[in-house]
Amino acid sequence: MTTRSHSADDTERFGERLARLLRPGDAVWLYGDLGAGKTALVRGLARGLGVSVRVTSPTYALVNLYDAAVPAEPESPGAAPRCLAHYDAYRLEGFDDLVGTGWDEYESGFRAVEWAERAGDSVSGVCVMLEDVSETEREISLCFLP
């Protein structure tokens, strides 16, 4: 699936719609150049998952954690919320480095990884490629990895 985004708000809305398709345990791998809209898309994902705080790029922290309003057991009232783990893999050198950031600790929640190409080939889940078309326009392509 491919669509066009004409602004950061469009990209956020795409992320919000994508969040409705995600299930606990899903990982979203974001590919795109600097300024392509990866963080904007994660802001939308977060909003779609019920995150109520401001989402920022985890550039220096490597991972930011946000409580999502999606219960751990949807059929269990009062269940603890799931977590959205938002990663920046730019300074990593493969999937083992990503695992070293606590990757496995968040496997029951949702994970979004910016600069996914730095995580290597051992990835599975939802792939989102953001490509600059013009200064304000992006092409967003969605695919599913085994």
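Trainee: How many aromatic pairs does the rule give here?

Mentor: The count comes to 4 aromatic pairs, where rings of Phe, Tyr and Trp (its six-membered ring) pair if their centres lie within 6.5 Å, with planes under 30 degrees apart stacked, over 60 edge-to-face and the rest tilted. This is a predicted model, so local features need pLDDT of at least 70 and side-chain atom pairs pLDDT 80 or more, while totals for chains, interfaces and linings use all residues. Residues are numbered from 1 along each chain as its sequence is written, and side-chain values use heavy atoms, leaving out hydrogens and water.

Trainee: What makes the pair of tryptophan 29 and tryptophan 103 tilted?

Mentor: The centres are 5.3 Å apart with 35 degrees between the planes, and that angle is neither under 30 nor over 60.

Trainee: And why is the pair of tyrosine 87 and tryptophan 103 called tilted?

Mentor: Here the values are 5.2 Å and 55 degrees, so the rule again gives tilted.

Trainee: How do you know that tyrosine 87 is buried?

Mentor: Buried means under 20% relative accessible area, exposed over 50%, partly exposed in between (1.4 Å probe, protein chains only). Tyrosine 87 has 0%, so tyrosine 87 is buried. Tryptophan 103, at 5%, counts as buried too.

Trainee: Why is there no disulfide between cysteine 127 and cysteine 143?

Mentor: A disulfide needs two cysteine sulfur atoms within 2.5 Å. The sulfur of cysteine 127 is 3.2 Å from the closest cysteine sulfur, in cysteine 143, so that is too far for a bond. By this rule the count comes to 0 disulfides.
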